[in-house]
Amino acid sequence: MLSGNRVAVSSTCPGLYCGRIMVNGSVEGECGVCPRGERANIQKVCERCTESPELYDWLYLGFMAMLPLVLHWFFIEWYSGKKSSSALLQHATAMLECSVSAVVTLLLAEPVGKLSIRSCRVQMLSDWYTMLYNPSPDYVNTLHCTQEAVYPLYTIVLIYYAFCLVMMMLLRPLLVKKIACGLGKTDRFRSIYAALYFFPIVTVLQAVGGGLLYYAFPYIILVLSLVTLGVYMSASEIQSFQSLISKKKRLVVLFSHWLLHGYGIISICLLDKLELSLPLLALVPGPTLFYIATAKFSEPSRILSEGSSRH
């Protein structure tokens, strides 16, 4: 018989995520949603999540934490101008904002006050979308068992983004106003305006596509880092090792992309066996070497000159 959002059952609970609460060692109550931080086990009893996140889970959280930082850096570089000396300080401030937000988020998560979290183990994609799996035992009434089955991987990212936004609004406007004197009054705040646009976007991305990102982020990192490195080297007209190492900024960009390559490779390897796949890290410099080796053959001016000489 249905009673609100709970249903009495004789043996087990319907659905994937419905369970009964255990009180003082005995199972009590009717089937329903488990409290936050708990998840229904095989016996359909709500069980407290006490495990630590796996390395792959930490890599996912790292990816989601990097998103706003990389976007901050991109828009700071985009709007600061080539002659602006304030870009480096703004980059450092953005990293400080995200780092402090990450530490505060971890300290507030259970166990409170420690730089560690307890979590429920991710078992399948549906764990991220429990609202789609509410059962209807009598095919009329729905038993609502929507919960965070991947606790706290879903909400901790949203909390982190909120802290990032607050830290940015507290620190960045005062800093930009003092140091970005070479820019116009409108231009100096454009990187902050951009953040006010991309924070809602990444928040919706996590809220709607968190489960898909959890399984796809290694490939996203690998593809985007390869594409952006190629675009950067092409735009900077880098065609030799001498031109690559001639400026410190180019080396910083190169090593940053190499770190992202390695991050993506390690994340992909964790889906299988990490020990057998670690040698793949030797492929990290491969795209750069391939680009430099083939750039001279695909230069537009050379292709045009060869085409005109034939006519």
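Which residues form one aromatic cluster? The cluster consists of Y56, Y60, F63, W128, Y154, Y214, Y215 and F217. The model is predicted, so local features are reported only at a pLDDT of at least 70 and side-chain atom pairs only at pLDDT 80 or more, while totals for chains, interfaces and linings use all residues. Residues are numbered from 1 along each chain as its sequence is written, and side-chain values use heavy atoms, with hydrogens and water left out.

**Aromatic pairs**

Rings of Phe, Tyr and Trp (its six-membered ring) count as a pair if their centres lie within 6.5 Å; planes under 30 degrees apart are called stacked, over 60 edge-to-face, and the rest tilted. By this rule there are 18 aromatic pairs. In one of them, the ring centres of Y160 and Y161 are 5.7 Å apart and the planes stand at 50°, so this pair is tilted. Burial is graded by relative accessible area: under 20% is buried, over 50% exposed, and values in between partly exposed (1.4 Å probe, protein chains only). Y160 is buried at 6%, and Y161 is likewise buried at 2%.

**Helix α1**

Helices (H or I, at least four residues) and strands (E, at least two) are DSSP runs, numbered from the N terminus. Helix α1 covers residues 55–80, a run of 26 residues. The expected span of a helix is 1.5 Å times one less than its number of residues. For α1 this gives 38 Å, and the end C-alpha atoms lie 37 Å apart, which agrees. The helix nevertheless bends by about 30° at M66, and a proline, P68, follows within four residues. The bend at a residue is the angle between axes fitted to the seven residues ending there and the seven starting there.

**Salt bridges**

A salt bridge is a side-chain nitrogen of Lys or Arg within 4 Å of a carboxyl oxygen of Asp or Glu. The structure holds eight of them, including the three in the table.

| Salt bridge | N to O distance | Separation in sequence |
|---|---|---|
| E148 and R36 | 3.5 Å | 112 residues |
| R39 and D127 | 2.9 Å | 88 residues |
| E54 and R121 | 2.8 Å | 67 residues |

The side chains of E148 and R36 meet in a salt bridge. E148 lies in the loop between α2 and α3, and R36 in the loop between β4 (26–32) and β5 (38–40), so the pair ties together parts that are distant in sequence by 112 residues. E148 is buried, at 12% relative accessibility, whereas R36 is exposed at 55%.

R39 forms a salt bridge with D127. This pair links strand β5, which holds R39, to the loop between α2 and α3, which holds D127. R39 is buried at 9% relative accessible area, and D127 is buried at 1%.

E54 forms a salt bridge with R121. Here E54 lies in the loop between β6 (46–48) and α1, and R121 in the loop between α2 and α3. E54 is partly exposed at 36%, as is R121 at 29%. In addition, salt bridges that share partners join R48, E110 and R118 into one network.

**Backbone features**

The peptide bond joining E110 and P111 is cis, with omega about -5°; P111 is found in the loop between α2 (87–108) and α3 (155–179). A cis peptide bond also runs from Y151 to P152, with omega near -5°, and P152 is placed in the loop between α2 and α3.

Y139, although not a glycine, has a positive phi of about 65°. Y139 sits in the loop between α2 and α3 and is exposed, with a relative accessible area of 78%. E237 is not a glycine either, yet has a positive phi of about 55°. E237 lies in the loop between α4 (190–235) and α5 (241–244) and is exposed at 64% relative accessibility.

**Nonpolar surface patch**

L16, M124, L125, M131, L132, Y133, L212 and Y215 make a nonpolar surface patch of about 750 Å². Patches are made of residues with over 30% relative accessible area and no salt bridge, like charges being joined within 9 Å and nonpolar side chains (Val, Leu, Ile, Met, Phe, Trp, Tyr) within 5 Å. Accessible areas come from the Shrake-Rupley method with a 1.4 Å probe; for residues, only the protein chains shown count as cover.

L16 is located in the loop between β2 (6–7) and β3 (19–23) and is partly exposed at 42% relative accessibility. Y133 is found in the loop between α2 and α3 and is partly exposed at 38%. The C-alpha atoms of Y133 and L16 are separated by 7.0 Å, although these residues are 117 residues apart along the chain.
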